[in-house]
Amino acid sequence: MKNTVRIIAALLCAVQLLFLVSCADPTPPVIEDTTVADTVIIPETTVAPETTAAPETTAVPETTAAPETTVVPETTAAPETTAAPETTATPETTAAPETTVAPETTAAPETTAAPETTAAPETTAAPETTAAPETTAAPETTAVPETTVAPVTTEAPETTVPLPELVEAPKDGTLLYYENFDGIEAKNESDLFAKLGWKKFNKAQGAPTNATAKLSLKEYYGGKALYITNNSPDISDAGDCYYTLIPGEKFKYFSDGSYTVQYDLKYTEASSNSRYINIITDYGGAFFNSFHLRNGGYANNQYYLAGKWYNYEDASYSVKGNSTSKTSKASAAYLLLNKYYDGTQLLSGIDLSVRYTVDAEKGVCAYVRINSSGYANSGKWIAISEIKAGGKANVLPDNEFGGGAVVLKVGGKQNGYIDNIKIWTGTGDEPAADAVPYLNGARCHSYTERNGEAVCVLCGISYSSSIEREWLLSLAPEYGAGSYSEKLYMAGASALDGNFPYEKDSRMQIISSTDEEEFADYLERLDATPALKRESYRESGKNLYASYRFTEGANKGKRVYAYYFGAEKTARVVEELAPSVSAEEFGYTYTKKSGETTEFYQYGLSSNKGYGMLYIIKLADNSVILLDGGSYQHFDATESANLMKLLQEITGVSSAEKIRVSAWIITHGHQDHLSGLCLFFNRYGSRFVIERMISNMPSVYSTNGTIVTFRNDYEKLFTYLPKATPVNNIKYYKMHTGEILNIGEVEMEMVYTHEDLTNVRTAESLIDGDFNNTCSTFILRFDGAQILITGDINKPAMNVIIKNQRDVIRDMTAVQTAHHLLNDIGTVYTTARAKTVFVPGPDGRLTRDTLQKNLHKILKQYAGDEIYLQGVATTGFEVRDGKLVKIYEEKALGTKYTDWSW
């Protein structure tokens, strides 16, 4: 019905325009515009993928059903709009867009070829079945001496696994997905999502913000369309929203090739002219494609990679509509409306169609068509971002970060309609209106031949890897037992390099269904690897840990760390590709002399400035260990001077000397644990020498969007460090679970890192949308005391610790409560049974709500009144007779926060 109405409207439009412009011209003339905008990087809110724990499979995969639809919470329908939508002319089936005539062009435009239609791939026949080896006739019997041993029987060759039945892959022009919302009746948003098969991303699934938009169906041109409300007085916290239309496991095969996405769009109310609604593709957390058509009449054709945005447009593109050219004739506003960008919402209320083509070899292009009547270019596909003839685009043909999902994004406070969502293979003509969507009812796994291998048409997994997974690490020898993870886990930087080079990012492969004996065999294999030297080995309960380093050759300095969890029967092998020193070379030991002391301080951070965490250990040699760093809000000039005064006091170092920071330990990358000291060092860096840094940060190349989101905090850390000390003089150590380091007389044992919380089959992070689960957890030992540092961990990390390290964390002298006593890790507290408790939180934290009261009750039964709040005071301790005894107390200094930042 919607298409019929639009056809009638097209005829009326033709009369109205006196035959000057066709409203539904499927083959528009060519545009000519030589304006080229500079490439820009536009900051954008990152997307966090949902981490799904796939079941481990070792046998040949059975046919599995499509993933179940997750029902989202019921949401009130979006408010009705008062203005009736304009009648539009939308052809049911249109050809691939050609480039169009530029407005006000006097000379006859040159014709630019339309984006080539990729030819349908030839069908490759299934590989011929190799005939069984011929039976060799038995040798003739000959007389042999009686003492001759009987001939050995040769074993029959191993039987190879037969290939699965192959299916024909969809050819170019195959309709993969179509939704026009017309046949759907939904009682509420939850029912709507269930019927659409869509899925909402919230913080719990890894998104940076909760999806705040309200989605409902509305009457639209005689049918229905999806109406999105995200700009409304009753949505106070509106932000970017993400909804999965097609999950990555169902679209990955097609996202690796060429495809087209098309949809109708109409913007209504918005908070500003920079807001938008779009469909993003190849979404996998650390990477996705995105064409933003902003309601003010400018656009960006970009991809997102590891926390940053990059334009596809370069010298090979005829760049149009980019934000840098938004005030010129190259702007989307002028190309579409023949109007100059004026800062208003020029596209609001206009019926549009967007066509987004992804050519795996040539690049990514974007076209827009005005469907509303009365505009010079109504009915024509206008090239907003297109490759020049013969140009080579900025593409990622072997993108290992993309997850393949197709996602609806609401770019902030924007209301509007979206309708007639179509996706097809190739970049050619739109499929016929009566085409049946290929993905509807399709099953995993259906195999086709691709590059000489049987590959599932839907999820892209190869038949061979579904039977036997591959060893993927490049330096470490193959494990040789158990079941390997399908992919490598990107484990993060192993050197102080603010550029985060991908080729130096650590990698980890996980081995499940293994045992202690097989792990011991693997260590022997490592021992036998040329130039690889074992540097440490230890056993702790059922767990085994070993460290190796290359001592010569091209890989000199690179490390291999292997560890085994007996409770899980899993092994993990980590390759550090940036050269580093050994634990022994990194640390140092110091023997106390008479009268020298080791002191532990919980530094007071004012209650009225939010959360933060900072601990100081004064070593016997008068150097200090700094643990985390508080928030920038806690460190104005007055408070920075107060910390400087304390450090001089406890070390006895004069103002003419530099204070040695023997080690700066950072639990994780949240700003309230590192930005305070960054500001402090910005003021007093010349007074310090930072000798070492210890952490285990996750990768900015993670497929988990929650992890990638915090790249900005890492980068800021690296901009401040050079202001404090020459970075090249700092030794850095990426400490893995089970390792022990010595810093002076203090011993540090790592109990948990983000590497432990990974899916053994997919190697995906299982932090459950909470970056706090990337915290390192460790024990500090000195003078017979044991202090458990938990950072900000939450329950997923707690469960791993309890499963694998329960005996290690028993009977602690002291414990630091997790996440400022916000997170319920009560099992850790009942296991630790600490006699002293440190709470990095403000006054009143112990009675904040029911959870805090319950946690306080647990802690108090072991510690009594020895519970110290960071927001109240700076408190210092020594160890006497195995207990922490308070030797220092000074009220936390708190000045008014006046919006300084870092």
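This passage describes the nonpolar cores and aromatic contacts of a predicted protein model. Local features need pLDDT of at least 70 and side-chain atom pairs count only at pLDDT 80 or more, while totals for chains, interfaces and linings use all residues. Residues are numbered from 1 along each chain as its sequence is written, and side-chain values use heavy atoms, with hydrogens and water left out.

Of the 902 residues of the protein, 59% are buried, meaning under 20% relative accessible area with a 1.4 Å probe, protein chains only. The largest nonpolar core (buried Ala, Val, Leu, Ile, Met, Phe, Trp, Tyr and Cys residues joined through side-chain atoms within 4.5 Å) holds 120 residues, and Trp 198, Leu 293 and Trp 664 are among those with the most contacts inside it. Helix α11 (residues 711-724) contributes the most to this core, with 6 residues; helices here are DSSP runs of H or I with at least four residues, and strands are runs of E with at least two, numbered from the N terminus. A second, separate core of 44 residues includes Val 760 and Met 812.

Turning to the rings, the whole structure contains 47 aromatic pairs, counted for Phe, Tyr and Trp (its six-membered ring) with centres within 6.5 Å; planes under 30 degrees apart are stacked, over 60 edge-to-face and the rest tilted. Phe 287 and Tyr 303 are tilted because their planes meet at 40°, with centres 5.9 Å apart. Phe 287 belongs to strand β8 and Tyr 303 to strand β9, so the pair ties together parts 16 residues apart in sequence. Phe 287 is buried at 2% relative accessible area, and Tyr 303 is buried at 7%. Phe 288 and Trp 309 form an edge-to-face pair, 5.4 Å centre to centre with 80° between the planes.

Definitions and conventions. Buried < 20%, exposed > 50% of the residue type's maximum accessible area, 1.4 Å probe, protein only.
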